[in-house]
Each structure stands twice: as C-alpha cells, then as structure tokens.
Amino acid sequence: MQKKLLSLLLLFCLAFCTLAGCSSSDTDKEQKDPNKTETAKKSEETSKPQTTPIDINIGCMKGPTAIGMIKLLSDSDEGTAQNHYNYTIAGTADELSAGLVNGSLDIAAVPCNLASILYNKTNGEIITAAVNTLGVLYIVEAGETIQSVKDLAGKTIYSTGQGTTPEYTLRYLLTCAGLDPDKDVTIEYKSEAAEVVATLAQNPQAVAMLPQPYVTVAMTKNDKLRIALDITKEWEAQNDGTVVTGVIVARKSFIEEHKDAFANFLSEYEKSTAYANSSVEETAALLEKFDVFQAAIAKQAIPYCNVTYLDGQEMQKNVLAYLKVLYDQNPASIGGTLPEEGMFNLEGSGS
C-alpha cells in the first residue's frame with residue numbers, strides 16, 4: 001500500500017513539474033515576443049520621417065504664378081494640408097520682396113528675375129526651389145498678317161513691362177529674327193495690361209504682346225482677335241531651354257531649420273500645380289474665391305498659362321539659361337551678376 005502511495009506521489013510530482021515547465025516556457029515566450037514586437041514597432045516608427053506640422057508664411061501675386069498655389073491655400077484653410085499656411089496674395093512683387101527680406105514671409109512665388117535679384121541682394125539668403133510657371137506671353141492681332149516674328153517688321157506693338165522681362169524677351173526674339181527693335185518696329189509701352197486691352201478693342205489694326213489672362217480678357221472684348229505667336233514656343237526655337245516666368249523661392253535659413261516641413265510643402269505644392277492643370281474648372285472657381293481672377297476668365301486662360309513644377313537639375317538648367325539671356329541685355333534686370341549654383345535648393349520635393 002505504501003509502495004502504491006509512493007508511486008502515485010512520484011507521478012503527481014512529475015506531472016506537476018512538467019506542467020510548471022510548460023507554463024514557464026510559454027510565459028517566457030509571451031514575455032519575449034511582445035518585447036520583440038515593440039522593438040520592431042519602434043524601429044519601424046523611427047525609420048519614418050517624423051514631421052510636426054508648423055505654421056509657414058507664404059506669398060504669391062495676383063497673376064498667373066498664383067494658379068499653381070491656389071489649391072494648396074484652399075487645403076490649408078480646410079485644415080487638410082500637412083502644414084498650416086498663413087498666406088499673402090499681393091498686388092505687386094515689391095510686397096513679396098519686402099516680406100522675404102524682413103523675414104515675415106518664409107516662401108513666395110515670384111518672377112524669375114526677381115529671384116535672382118533677391119539672391120544677389122541678400123548675399124544668398126533667398127534661394128530658388130522650383131519653377132512654377134513657364135511662358136505666359138502671346139502676340140495677338142485681329143487678322144492673319146503675323147505668322148512669324150519676322151512679320152512684326154513695320155508694326156506698332158503695344159505692350160507692358162518696359163524695363164522688365166517682357167521688354168527684354170521681346171527685344172531678344174526680334175533680334176533673333178534679324179530685326180532691330182529700335183528701328184524695324186515701334187514698341188509702345190502702357191503702364192497696365194488693361195490699357196493694352198482697351199487699345200486692342202479700339203484699334204482693329206493694333207498688335208499687342210500680352211500675358212495671360214489678359215489675352216483671354218482681350219479676346220472676350222474683341223472676337224476678331226487671335227493668338228498669332230506663342231512667345232514661349234518662339235523662345236524655345238532659339239534656345240536649349242524655355243521661358244521661366246515664375247519660381248518658388250524661400251529663405252535659406254528657414255529651409256535649414258525646417259527641412260522636413262519644407263519638403264512637405266514642395267510635395268504639396270507639386271500636387272497643387274498638377275491639380276490646376278487637371279481640374280481647370282475647380283481651379284478657376286478657387287481663383288475667383290481667393291480674388292485672383294474671375295472664374296470665367298481663369299477657366300479659359302489656365303490652359304495657356306503653362307503652370308508647371310520643375311525642381312532639381314532641370315530647374316537649375318532652365319533658370320540659368322533664361323537669366324543669361326536677360327543678363328546679356330541688361331545685367332541690372334537680374335541683380336547685376338549671374339548667380340551660381342548656390343542660388344538653388346536642389347533637393348526637390350522627393351515625390
């Protein structure tokens with residue numbers, strides 16, 4: 001009897017130890033696996049860029065260079081942008097220049113030559129990150145007499161922008177066509193595009209060089225007008241590059257302090273420009289909402305505004321080629337000296 005009792009006791013102990021061992025083994029696994037999972041999770045989390053949304057002060061002008069930014073401004077107002085954008089829509093480039101220099105603006109869409117002027121003026125503090133608008137200038141007439149730049153010989157051409165890029169662009173193309181801008185044509189400058197539009201409405205024989213959307217405005221007032229020459233295409237026929245109307249610039253110190261936030265801005269801006277081209281009607285409505293253009297005019301003009309997004313080496317190549325032509329005509333038009341590679345943020349949006 002004692003032997004049987006001893007045997008049962010031994011069996012009980014063996015069973016208890018086995019169960020205890022299994023329990024201990026399972027517990028160890030349960031303790032180790034969660035630790036591994038948490039480590040893996042932390043590794044995955046730290047491998048992703050951690051970006052805290054910040055307030056960014058941005059600016060653009062009431063003109064074609066605002067088109068690519070308008071969806072981003074709308075997204076910011078709706079709280080769906082990756083950062084919060086405090087924006088200024090200025091009437092003149094001088095307002096944006098002042099804001100960039102004094103630091104009240106972090107990023108702005110400005111004319112290409114102004115980007116060079118600011119870079120030179122601030123000793124490299126304002127740098128260029130992307131091209132946002134290519135050529136927006138067109139020659140218009142009521143008739144069929146102008147088929148090439150050479151056909152402008154003997155004409156009076158009404159334009160705006162004396163002493164700025166429209167003048168240098170026109171003079172350059174006339175010279176390339178073998179015409180003397182001071183002898184073979186008469187260029188009559190007006191202070192505002194609206195004056196040129198009024199001249200076209202009053203004088204059926206008038207020829208003008210206008211930017212969009214004023215080309216569209218003029219054509220709505222005079223249904224006999226047609227686009228005779230696309231200045232961008234004429235430029236490209238003479239150069240290994242294109243007309244660069246507008247660019248995105250930023251304060252270098254801002255980029256260095258907020259690299260991730262700036263990269264997010266560029267990514268969102270690139271998507272905003274794509275939206276402008278793919279959703280013309282919706283973009284036109286936003287432009288009217290933000291008091292940039294009337295929707296009816298914007299809807300017709302957007303396809304002719306060459307809204308784009310170029311960064312990196314492609315941006316640098318086109319900007320430098322364009323600035324070189326301006327410099328050759330008037331060094332002061334780009335700030336006195338040709339900028340070097342330091343003018344550019346080449347990292348791009350990363351998208």
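**Core, sheet and pocket of the predicted model**

The largest nonpolar core contains 91 residues. Within this core, L152, F265 and V319 have the most contacts. The model is a predicted one. Beyond its neighbours within four places in sequence, L152 touches I139, I146, I157, L174, D184, V185, V207 and L229. A second core, separate from the largest, has 13 residues, among them V196, L200, A208 and A218. In soluble globular proteins, nonpolar side chains tend to be buried together.

The chain holds 13 helices and eleven strands. Of its 351 residues, 46% are buried. Contacts with a separation of 6 or more were also sorted by distance along the chain. Residues 24 or more positions apart supply 78% of them.

Five strands form an open sheet in the order β7-β6-β8-β5-β9. The pairing is mixed. β7 (186–189) and β9 (226–230) are the edge strands, and each has a single partner, so one side of each lacks a neighbour in the sheet. On average, neighbouring strands are turned by 30° against each other, direction ignored.

Strand β5 (residues 137–141) pairs with β9 in the antiparallel sense over four bridges. Its pairing with β8 is also antiparallel and runs over five bridges. Individual residues mark the register. Y138 lies opposite D230 in β9. E141 has R226 as its bridge partner in β9 and V207 as its bridge partner in β8. Five of the five residues of β5 are buried. L137, I139 and E141 point one way from the strand, whereas Y138 and V140 point the other way. In a regular strand the side chains alternate between the two faces of the sheet.

Helices pack against these strands. Helix α5 (residues 165–176) lies across β5, β6 (156–159), β7 and β8 (207–211). The direction of α5 is at about 170° to β7. Helix α6 (residues 193–202) also packs on the sheet and touches β5, β6 and β8. Between α6 and β8 the angle is about 145°.

The largest pocket has a volume of about 1,300 Å³. It is lined by 48 residues, of which M61, P64, P111, T160 and P211 are the closest to its centre. Six elements can be named here: α3 (93–102), β3 (107–111), α4 (112–121), α5, α7 (214–221) and β10 (244–251) each give two or more residues to the lining. The largest share comes from α4, with six residues. Helix α5 thus appears both in this lining and across the sheet.

Some backbone features fall in loops. A cis peptide bond joins Q212 and P213, with omega at about 10°. P213 sits in the loop between β8 and α7. Two residues that are not glycines have a positive phi: N123, at about 55°, and D291, at about 60°. N123 belongs to the loop between α4 and β4 (126–134). This residue, N123, is exposed, with a relative accessible area of 75%. D291 is placed in the loop between α11 (280–289) and α12 (295–301).

Conventions:
Residues numbered from 1 in each chain as written. Predicted model: local features only at pLDDT ≥ 70, side-chain atom pairs only at ≥ 80, totals over all residues. Heavy atoms only, no water. Pairing = 2+ DSSP bridges. Axes fitted to C-alpha atoms, helices over the stretch in contact; angles between N-to-C directions. Contact = heavy atoms within 4.5 Å. Core = buried A, V, L, I, M, F, W, Y, C linked by side-chain atoms within 4.5 Å. Buried < 20%, exposed > 50% of the residue type's maximum accessible area, 1.4 Å probe, protein only. 1 Å grid on protein atoms, 1.4 Å probe; cavity = no way out; pocket = protein on both sides within 12 Å on 5 of 7 lines; lining within 4 Å. Points joined across faces, edges and corners; volume = space filled by probe spheres on them.
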